Amino acid sequence: EARAEWGGDKAARGCLMMTGSMGLGYIFPLPERICAAGADVQVIVLVGSNRELKDRLEDKFGDSGRVRAVSFTDQVPLYMAACDVMLTKPGGLTSTEAAVFSVPLIHTDPIPGCETRNAAFFQGHGMSRRALGGQEIVSAATELLFSDSAREAMCAAQRRTINPYAARDIVDCALERA
């Protein structure tokens, strides 16, 4: 249902690429290389406020339907629900949100420090794969897109590790102590 709502092919394998609110990071030629993995692969790139990136993607891929650039949106949960695999840097909030949604996750190029530790934590618990550089990212995305068992194993690890009610539990704990 989510895939139909964003206009994607329900039968396609969907890869969501997150580039942050400002659309940072060098993503070319990742969408094209991921799409080359199969005729039924679609890539959605959330470009944030980066108009230049959106224009470049639209110029390159036009109306093919295989790659779509989406400007800043408040519909990220919809895109997460619609994808089979998500690529993002390992920020804590986005990574946790993806895990709560049970989205197979590939962490890319962390900012040194907390994001490096986030990626290690998620990968160490089987909740994500870490891929650095274009070839690793494409290989990890392709493998997950075409392996139902690998995606399900990752989602199962996310469900075992991440408390989807953590915010509620924190508020309840704070109110009990107040």
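Here are some questions and answers about a predicted model.

Q: Is His107 buried or exposed?
A: Let's start by placing it: His107 belongs to strand E5, which covers residues 105–108. Its relative accessibility comes out at 0%. The cut-off for buried is under 20%, so His107 counts as buried.

Q: Which residues have side chains joined to the side chain of His107 by a polar contact?
A: Leaving aside neighbours within four places in sequence, His107 is in contact with several residues, among them Thr88, Ser95, Phe122 and Ser128. A polar contact of 2.8 Å links its side chain to that of Ser95, and the C-alpha atoms of these two, 12 residues apart along the chain, are separated by 8.5 Å. Another polar contact, of 3.0 Å, goes to a second serine side chain. The two partners are Ser95 and Ser128.

Q: Is Lys54 buried or exposed?
A: Lys54 sits in helix H3, residues 51–61. Not counting residues up to four places away in sequence, Lys54 touches Val47, Ala69 and Ser71. Its relative accessibility is 12%, and because that is under 20%, Lys54 counts as buried.

Q: How many bridges join E1 to strand E2?
A: Strand E1 takes in residues 13–18, and five of its six residues are buried, so the rest of the structure largely encloses it. E1 and E2 (residues 41–48) run parallel. One of the pairings puts Cys15 opposite its bridge partner Val43 in E2. The number of bridges joining the two strands is six.

Q: Which residue in E4 is the bridge partner of Met17?
A: E1 also pairs with strand E4, residues 85–88. They run in the parallel sense, over three bridges. In E4, the partner of Met17 is Leu87.

Q: Which residues form the aromatic pair in this structure?
A: A search of the whole structure turns up one aromatic pair. Its rings are 6.0 Å apart centre to centre, with 75° between the planes, so it is edge-to-face, a label for angles over 60 degrees. One partner is partly exposed at 40% relative accessible area, while the other counts as buried at 4%. They are Phe121 and Phe122.

Q: How far is the charged end of Lys60 from the centre of the ring of Phe61?
A: Here we have a charge and a ring. The charged end of Lys60 sits over the ring of Phe61. The distance to the ring's centre is 5.9 Å.

Q: Why does the sulfur of Cys15 not bond to the closest cysteine sulfur?
A: A disulfide is a covalent bond between the sulfur atoms of two cysteines. The search of the whole structure finds zero disulfides. Cys15 counts as buried, at 1% relative accessibility. Its closest cysteine sulfur belongs to Cys83, and that is too far for a bond because the separation is 7.5 Å.

Q: Which peptide bond is cis?
A: Most residues other than glycine have a negative phi, and most peptide bonds are trans. Pro29, in the loop between E1 and helix H2, takes part in a cis bond, with omega near 0°. That bond runs from Phe28 to Pro29.

Q: What is the phi of Asp109, about?
A: Asp109 lies in the loop between E5 and helix H6. With a relative accessible area of 46%, Asp109 is partly exposed. Although Asp109 is not a glycine, its phi is positive, at about 25°.

Terms used: Residues are numbered from 1 along each chain as its sequence is written. This is a predicted model: local features need pLDDT of at least 70, side-chain atom pairs count only at pLDDT 80 or more; totals for chains, interfaces and linings use all residues. Side-chain values use heavy atoms; hydrogens and water are left out. Helices (H or I, at least four residues) and strands (E, at least two) are DSSP runs, numbered from the N terminus. Buried means under 20% relative accessible area, exposed over 50%, partly exposed in between (1.4 Å probe, protein chains only). Contact means heavy atoms within 4.5 Å. A polar contact is a pair of N or O atoms within 3.5 Å; within protein, one must be able to donate a hydrogen and the other to accept it, and residues adjacent in sequence count only if both atoms are side-chain atoms. Two strands pair if DSSP finds at least two bridges between them. Rings of Phe, Tyr and Trp (its six-membered ring) pair if their centres lie within 6.5 Å; planes under 30 degrees apart count as stacked, over 60 as edge-to-face and the rest as tilted. A charge sits over a ring if NZ of Lys or CZ of Arg is within 6 Å of the ring centre and within 35 degrees of the ring normal. A disulfide is a pair of cysteine sulfur atoms within 2.5 Å.
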